[in-house]
Amino acid sequence: MAIGEYIKAMRDVAGLPSPPIVFDFFLVLTFTFHILLVNLVVGSLALIIWGRIKKEGYWIKLSSSLSRLVVSSISWAIVLGVAPLLFIQVIYDPFWYTANTLSAVWALAFLVFIALAFVFAYCFYLGGGYEGRGQIIWPFLSLALLLLAGIVIHSLTVTQLHPEKWPSFAIQNNTYISSGKYLHEFEIFRFLHFIFPAFAVTGTWLIFYSKYFKEKYDSAYLNWVEKLGAKLILVSSLLQAAVGILWLITLPKELNFISNPYFILALIVALLFIAFLFYMQKNPSQYAVPTALFLGITVFVMSIAREVLRMSYFGLVGYTFADYPVNSSVGSLVLFLLTFLMGLIVLYYVAIVAYRAGKGIKEVGAHQLGKASVTLMWLWIIIMVILGIYISLKNGTLF
Amino acid sequence: MYPIWDVPYLSSALVIGLIASFHVLPSHLAVGALWVTVYIEKLAYLRNRPDYLDFVKRFTLLLLIFSFIFGSLSGIGIWYSATVSSPRGISGLIHNYVWGWATEWVFFIIEIATIYAYYYTLGKVDPKTHIRIGYLYALAAWISMIIITGILAFMLTPGKWLETGDFFDGFFNPTYFPQLLARTFLMFGVAGIYGLTIASTLKKPTKLDLTKIISRVAFGGMILGGLFVIWYLSKLPQSAKELYTGLPYLSKLGKIALVCYLILVFYFLLTGFVIPRLNNLILTSLLMLLTFVGILCAEGIREGIRRPFIINYFMYGHQVIAKDLPAKNIKAEIEVIQKEGLLPRLGYLPDSLRKITSENRLEVGRIIALHNCANCHAFTEKGLRPLPALFGKLSPQSPEDIDAFLAALGSFPYMPPFAGNDEERKVAAEYLFTLIKK
């Protein structure tokens with residue numbers, strides 16, 4: 001059995017409940033949000049460490065604010081990572097499961113690293129980090145562990161891209177390695193391409209920070225933060241471009257990725273973004289929203305290009321999700337889509353509360369929206385209970 | 001078949017079991033906590049007791065750290081451990097319930113947004129808004145339980161899904177409602193024990209007041225939860241009931257879980273109605289440990305009575321499909337594998353290990369044995385259901401004796417039939433024979 005046939009045979013027997021492109025869309029979309037948050041965490045931790053090393057007034061103040069941002073951002077990064085984790089298993093299951101089982105110990109260690117990184121971030125925050133104190137060792141350990149987790153997930157991803165190597169990964173001296181204790185792949189430029197944007201995302205956040213706290217902090221400090229943010233985005237994006245070129249050069253020739261229209265699109269968007277970054281340096285906070293939007297679009301287009309690259313790799317062994325059998329489950333898709341819409345409403349309300357509270361407004365208002373959010377949640381429960389009772393009665397399984 | 005992961009002493013399934021049992025603690029805390037906290041916050045405003053808000057702050061911080069570090073990561077840990085232990089099992093669940101999980105994910109996001117807002121805005125926004133945010137969290141967390149229970153219950157009682165393959169037929173299965181109601185009320189017990197831990201660290205008048213309130217809520221939850229457990233047990237399939245009474249270790253787990261439950265109920269009764277001052281940090285810490293043991297046993301039973309299946313009646317523990325599901329064009333695999341062999345399906349191996357030769361017999365035998373046994377059995381001398389000891393008890397005189405035993409596996413109600421053809425079974429037996437200490 002050639003590896004391509006094996007992969008095809010390993011697709012789940014149940015098929016997909018919706019057309020594969022739906023999962024791919026949500027995979028790319030949710031991954032974009034996830035990686036933005038991951039980048040924010042990595043960049044913030046690096047700035048906290050730098051701030052603690054510098055020990056100057058502004059840096060201390062900034063690292064205090066970042067200490068609070070980091071703990072909540074890790075939570076967001078984790079929860080936003082759940083969705084792409086789910087969708088990748090649906091359309092790329094043979095690749096995902098094989099790579100993970102071949103490096104099983106590392107797949108589990110990945111979560112241990114994140115858990116410890118999270119704990120250490122809290123150690124810093126609760127150990128005085130928010131008051132300008134806190135031991136530098138905590139953010140240092142936290143960042144180191146997150147980078148280690150990044151290396152693991154990167155290695156597992158690259159292992160998926162090379163199914164032709166799986167049989168050689170599976171054995172050593174003609175003996176099957178059942179321990180799952182080895183990581184098998186690492187591509188430095190690909191890895192860096194995911195890490196460098198950390199400073200671009202954090203830089204964007206700093207610009208928003210300087211805008212948001214205009215009434216709370218002194219303007220000299222906020223000007224400094226704003227300039228720092230703008231500089232970080234620019235430098236980080238230039239480094240990202242350089243490492244992107246190196247990654248491109250090292251890609252297998254047979255992929256011919258350089259002429260791929262999605263790559264060309266990503267390249268154009270990235271270059272336009274860099275040009276914009278030069279333009280916005282003089283007055284960054286005036287361009288806070290366009291910068292964030294442009295950054296988001298660039299990362300999204302990059303994610304699409306990376307997804308197309310993955311498809312090209314899989315195409316080499318004859319795999320495409322397009323012919324994955326579909327056993328349609330419209331009801332469950334509708335359940336998700338309606339819940340997703342409802343979720344946006346509830347999140348909008350919570351965002352208003354958090355935004356106004358952060359500004360020091362005690363009477364936050366938006367009560368109608370708040371009431372509607374609660375009502376929608378109860379409505380969700382009531383509909384599910386009615387549906388559940390109806391189906392259970394129909395199937396004779398309730399009593 | 002995917003590569004197989006062997007975990008010395010534990011077995012790969014126990015890795016899932018341990019992570020999953022641990023996860024119940026922070027996840028049920030996450031579900032139950034804010035119902036209690038929001039109620040206490042309301043009392044704080046009604047009775048003009050700002051000291052109660054100190055409890056709210058501390059409890060929420062505990063929730064943030066414990067549930068949103070260890071809870072969320074152990075939740076993903078269940079996925080990851082299932083991915084590496086039983087990839088076809090988790091794949092089967094995901095390919096049926098992906099939109100269910102995606103729906104649950106929306107509520108995870110709401111949980112994260114609301115819990116941070118709740119923690120950071122305490123005292124900074126008007127009470128009405130703050131309570132509403134807490135209430136939204138409590139609802140989102142409960143809904144996440146409403147969803148995941150459908151998938152958990154499906155694994156034991158897939159019900160009509162076995163005929164229709166329909167999402168909702170499997171989701172609203174025979175044990176769904178009793179399990180949901182049992183978990184819903186028992187979560188107040190889990191939240192209660194954490195609440196009492198925090199309350200024990202407060203100053204006296206507040207401590208006694210809150211001990212009483214929390215204990216009473218927890219007591220009520222435990223009693224109602226217990227009643228729904230009885231309903232749940234009555235809904236179990238006959239095969240599960242027979243396994244429970246037939247396998248001594250399951251009955252033992254049941255007794256331990258019951259004792260843990262009774263001790264907790266008794267504690268809540270004492271601290272809620274008789275002597276609230278009894279509540280202290282040492283006792284609550286011990287009871288927390290007891291709660292974990294109780295949950296471990298209960299989850300162990302839930303998993304154990306499903307043997308030999310991952311998805312009852314549909315997929316065996318060794319990840320081979322047991323039954324046709326025409327609605328989804330799924331064909332049973334076990335008979336085909338017994339005829340054509342397992343090796344043709346192990347495409348991740350090099351060709352040198354996919355044909356049995358005189359040189360590779362033992363190694364191929366090991367691989368076949370791993371695929372059949374490693375999920376539930378340790379291959380080491382000691383550990384969970386260790387194969388050397390189990391086979392040693394049979395006192396086999398030759399590999400043929402083990403081969404005969406493997407051929408008859410399917411006749412045991414809790415064991416799946418051997419997945420492999422005659423030759424593969426023979427080399428697996430030869431390998432397993434080498435494990436037994438002479």
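The following paragraphs lead through a predicted model, from its annotated spans to its enclosed space and its surface.

Chain B carries two kinds of UniProt annotation, both from an unreviewed entry. The "transmembrane region" label covers residues 12–40, 61–82, 102–122, 134–156, 176–201, 213–233, 253–274 and 281–301 of chain B. Two of these spans can be checked against the model. Residues 61–82 of chain B are 100% helix and 0% strand, with the end C-alpha atoms 30 Å apart. Residues 176–201 of chain B are 92% helix and 0% strand, and there the end C-alpha atoms lie 38 Å apart.

The other annotation, "domain: Cytochrome c", is placed by UniProt at residues 360–436 of chain B. Over that span the model has 56% helix and 0% strand, and the end C-alpha atoms are 20 Å apart. Thr380(B) also has a C-alpha atom 9.5 Å from that of Ser11(B), although the two residues are 369 positions apart along the chain. Ser11(B) belongs to the segment before α1 (12–46) of chain B. Buried means under 20% relative accessible area, and Ser11(B), at 0%, therefore counts as buried.

In chain A, helix α4 (residues 93–102) is a case of burial along a whole element. Because 10 of its 10 residues are buried, α4(A) is largely enclosed by the rest of the structure. Among the buried residues are Asp93(A), Trp96(A), Tyr97(A) and Asn100(A).

Next comes the empty space inside the model. Rolling a probe the size of a water molecule over the atoms shows where such space is left. There are four cavities of 30 Å³ or more, and the largest holds about 990 Å³ of space. Its lining has 40 residues, and those nearest the centre are Phe31(A), His34(A), Ile35(A), Phe110(A) and Ile153(A). Helices of both chains take part: α2 (20–54), α3 (57–91), α5 (104–126), α6 (137–161), α8 (188–195) and α12 (288–315) of chain A, and α2 (50–85) of chain B, each supply at least two lining residues. The largest share, nine residues, comes from α6(A).

The last stop is on the surface of chain A. Val330(A), Val334(A), Leu338(A), Leu341(A) and Leu344(A) make a nonpolar surface patch of about 470 Å². Leu344(A) is found in helix α13 (residues 330–358) of chain A. Partly exposed residues fall between the limits of 20% and 50% relative accessible area, so Leu344(A), at 45%, is partly exposed.

Key
Residues are numbered from 1 along each chain as its sequence is written. Chains are lettered from A and ligands numbered from 1 in the order in which they are written. This is a predicted model: local features need pLDDT of at least 70, side-chain atom pairs count only at pLDDT 80 or more; totals for chains, interfaces and linings use all residues. Side-chain values use heavy atoms; hydrogens and water are left out. UniProt positions are given in the numbering used here, feature names are shortened, and annotations may be inferred rather than shown by experiment. Helices (H or I, at least four residues) and strands (E, at least two) are DSSP runs, numbered from the N terminus. Patches are made of residues with over 30% relative accessible area and no salt bridge: like charges are joined within 9 Å, nonpolar side chains (Val, Leu, Ile, Met, Phe, Trp, Tyr) within 5 Å. Accessible areas come from the Shrake-Rupley method with a 1.4 Å probe; for residues, only the protein chains shown count as cover. A salt bridge is a side-chain nitrogen of Lys or Arg within 4 Å of a carboxyl oxygen of Asp or Glu. Buried means under 20% relative accessible area, exposed over 50%, partly exposed in between (1.4 Å probe, protein chains only). On a 1 Å grid over the protein atoms alone, a cavity is a set of points where a 1.4 Å probe fits but cannot get out, and a pocket is an open set with protein on both sides within 12 Å along at least five of seven lines; lining residues have an atom within 4 Å of a point. Grid points are joined across faces, edges and corners, and a volume is the space filled by probe spheres set on the points.
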